[in-house]
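Biologist: I've got a model open and I'd like to talk through some of its contacts and surfaces. Can we go at it one question at a time?

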Amino acid sequence: MATCFPPKTLTKDTRALGNMAALPAAIEVVLLTGGFDRPYALGLAMALIAKGVRLDVIGSDDVDSPEMHLAPKLNFLNLHGSQRTNASLASKISRLLVFYCRLIRYTSVAKAKIFHILWNNKFQYFDRTLLMLYYKLLRKRIVFTAHNVNAGKRDSNDSWLNRFTLKVQYQLADHIFVHTEKMKSELLEDFGVRDRAVTVIPFGINNSVPDTDLTPERAKQRLGIRDGERTILFFGNIGPYKGADLLVTAFQKIAARNTDYRLIIAGKPRGGCEKYLEEIQETIGRDANRARIIQKIGYVPDEDTEVYFKAADVLVLPYTQVSQSGVLFLGYSFGLPVIATDVGSLREEIVEGRTGFLCKPRDPVDLAETIETYFGSDLFKFLDIRRQEIRDYANERHSWDVVGETTRRVYEELLERQPS
């Protein structure tokens with residue numbers, strides 16, 4: 001099992017770890033990451049350690065980082081290993097079986113009473129049912145973070161089996177964290193979860209992506225964008241509910257009227273969405289302004305992320321359905337305004353005219369008009385000043401310190417009810 005890791009920029013959380021060592025470690029927790037989403041896993045882990053929690057973090061090569069090894073009271077266990085998507089089918093099956101064997105063996109001897117699941121693993125139905133029952137048989141208190149209450153509903157592939165296994169997991173969990181009141185209502189109404197078993201916590205601001213002294217001007221130059229070109233960014237996984245096709249249509253309408261606009265599409269297709277991406281690229285290829293669209297198709301490493309967010313003048317989230325968006329908070333961490341469709345709980349996070357604008361979902365005409373409204377607004381005109389205001393707004397509302405304190409308090413309450 002690989003334990004080495006490449007050198008990465010240490011975050012401000014790591015620099016503060018020296019002051020945390022003196023805190024009592026009265027609570028022991030296993031943090032199950034699912035083997036991905038390093039920004040959230042790292043942010044939560046550092047916040048919990050700052051509150052005196054002792055952690056075993058179950059991760060992968062993708063979740064691994066220097067902070068996970070330097071932090072006191074944190075034991076990083078790379079049970080997943082490599083998550084390479086270009087491995088053969090036999091290799092993928094083998095590493096999954098090895099992982100589950102490692103996890104079950106580890107769980108049988110783990111001393112921690114609390115298991116906190118950030119994401120399930122690859123075999124969703126197994127994780128939601130049999131694995132949850134196994135944890136309960138071992139008398140573990142299970143905390144679950146529902147980043148998406150029902151992703152099947154969002155992805156338009158919901159089924160009876162999906163809803164049934166979700167309900168089993170939600171009913172077996174001792175406590176559930178969600179990020180908005182709307183998500184809490186969905187849990188209560190659709191899955192019969194008790195009100196007192198759900199806590200709404202902020203989505204912690206992404207502080208794991210390097211933020212160097214790279215300026216917006218230099219970032220634009222790196223991508224071949226001329227000074228003065230109005231640059232729009234779509235970032236993240238590409239799939240139907242993300243609405244990249246709607247943004248391309250809106251952009252083509254704008255570019256036909258004004259050639260000062262550029263669009264960046266940076267990300268990789270979600271599993272099974274390759275055909276969707278091909279259709280978008282065919283639409284781009286047929287348009288006269290196709291050269292005005294920069295396509296960075298594939299995984300974007302953390303060290304390259306800031307180039308796209310600093311080169312952009314606005315981030316666009318043209319989602320057709322979503323509960324919440326981590327990309328929105330990543331944009332805020334770079335002080336980038338956001339144009340988003342009015343779906344899910346995005347309205348709760350956008351202050352019109354101050355941090356961004358809202359538009360109608362599934363409506364490329366309204367999206368195009370909203371983009372032009374933004375570029376005619378004071379928010380864009382004074383963007384150099386507003387960037388810091390957006391960062392301050394996000395850090396105040398989405399502090400990891402608040403997340404850590406609230407999470408620890410839930411752990412304490414569960415342990416008080418835990419039979420000896």
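Modeller: Sure, and one term before we start: a salt bridge here is a side-chain nitrogen of Lys or Arg within 4 Å of a carboxyl oxygen of Asp or Glu. Keep in mind that this is a predicted model.

Biologist: Then which residue does Arg270 meet in a salt bridge?
Modeller: Arg270 sits in the loop between strand S9 (261–267) and helix H11 (274–285), and its partner is 115 residues apart from it, in the loop between H6 and H7. Arg270 is partly exposed at 24% relative accessible area, and the partner also counts as partly exposed, at 26%. The N to O distance is 3.1 Å, and the partner is Asp155.

Biologist: How about Asp174, buried or exposed?
Modeller: Asp174 lies in the loop between H7 and S6, and it is linked to Lys136 in helix H5, 38 residues apart. Their closest N and O atoms are 3.2 Å apart. Lys136 counts as partly exposed, at 28% relative accessibility. The cut-off for buried is under 20%, so Asp174, with a relative accessible area of 10%, is buried.

Biologist: Which helix holds both Glu389 and Arg386?
Modeller: The two side chains meet in a salt bridge, 3.6 Å from N to O. An α-helix has 3.6 residues a turn, so residues three or four places apart point the same way. Glu389 and Arg386 are three residues apart, about one turn, and both lie in helix H16.

Biologist: Over to the surface: which helix gives the largest share of the nonpolar patch?
Modeller: The patch covers about 440 Å² and is made by Tyr125, Trp160, Leu161 and Phe164. Leu161, for one, is partly exposed, with a relative accessible area of 36%. Three residues of the patch come from one helix, residues 160–172, and that is H7.

Biologist: And which residues of H7 are buried?
Modeller: H7 has 13 residues and reaches 18 Å from first C-alpha to last, close to the 18 Å expected. Cover for its buried residues includes strands S4, S5 and S6 along with helices H5, H6 and H8. The buried ones are Asn162, Thr165, Leu166, Gln169, Tyr170 and Leu172.

Biologist: How many residues of helix H12 are buried?
Modeller: H12 runs over residues 302–311 and is mostly covered. Charged residues are on the buried list too, including Asp302, Glu306 and Lys310. Out of 10 residues, the number buried is eight.

Biologist: Now the rings. The structure holds 22 aromatic pairs; what is the angle between the planes of Tyr100 and Phe126?
Modeller: This pair links Tyr100 in helix H4 to Phe126 in helix H5, 26 residues apart. Tyr100 counts as buried at 7% relative accessibility, whereas Phe126 counts as partly exposed at 29%. The centres are 5.4 Å apart and the pair is edge-to-face, with the planes at 90°.

Biologist: Last one: where is Lys73, with its positive phi near 65°?
Modeller: Lys73 is a residue other than glycine, yet its phi is positive. Arg139 also has a positive phi of about 65°, and Arg139 is partly exposed at 47% in relative accessible area. Lys73, in contrast, is buried at 18%. Its place is the loop between helix H3 (66–70) and strand S3 (74–77).

Note on methods:
Residues numbered from 1 in each chain as written. Predicted model: local features only at pLDDT ≥ 70, side-chain atom pairs only at ≥ 80, totals over all residues. Heavy atoms only, no water. Patch = residues over 30% accessible without salt bridge, like charges linked within 9 Å, V, L, I, M, F, W, Y side chains within 5 Å. Areas by Shrake-Rupley, 256 points an atom, 1.4 Å probe, with all protein chains shown as cover. Helix = DSSP H or I, 4+ residues; strand = E, 2+ residues; numbered from the N terminus. Buried < 20%, exposed > 50% of the residue type's maximum accessible area, 1.4 Å probe, protein only. Expected span 1.5 Å × (residues − 1). Contact = heavy atoms within 4.5 Å. Phe/Tyr/Trp six-rings, centres within 6.5 Å; stacked < 30°, edge-to-face > 60°.
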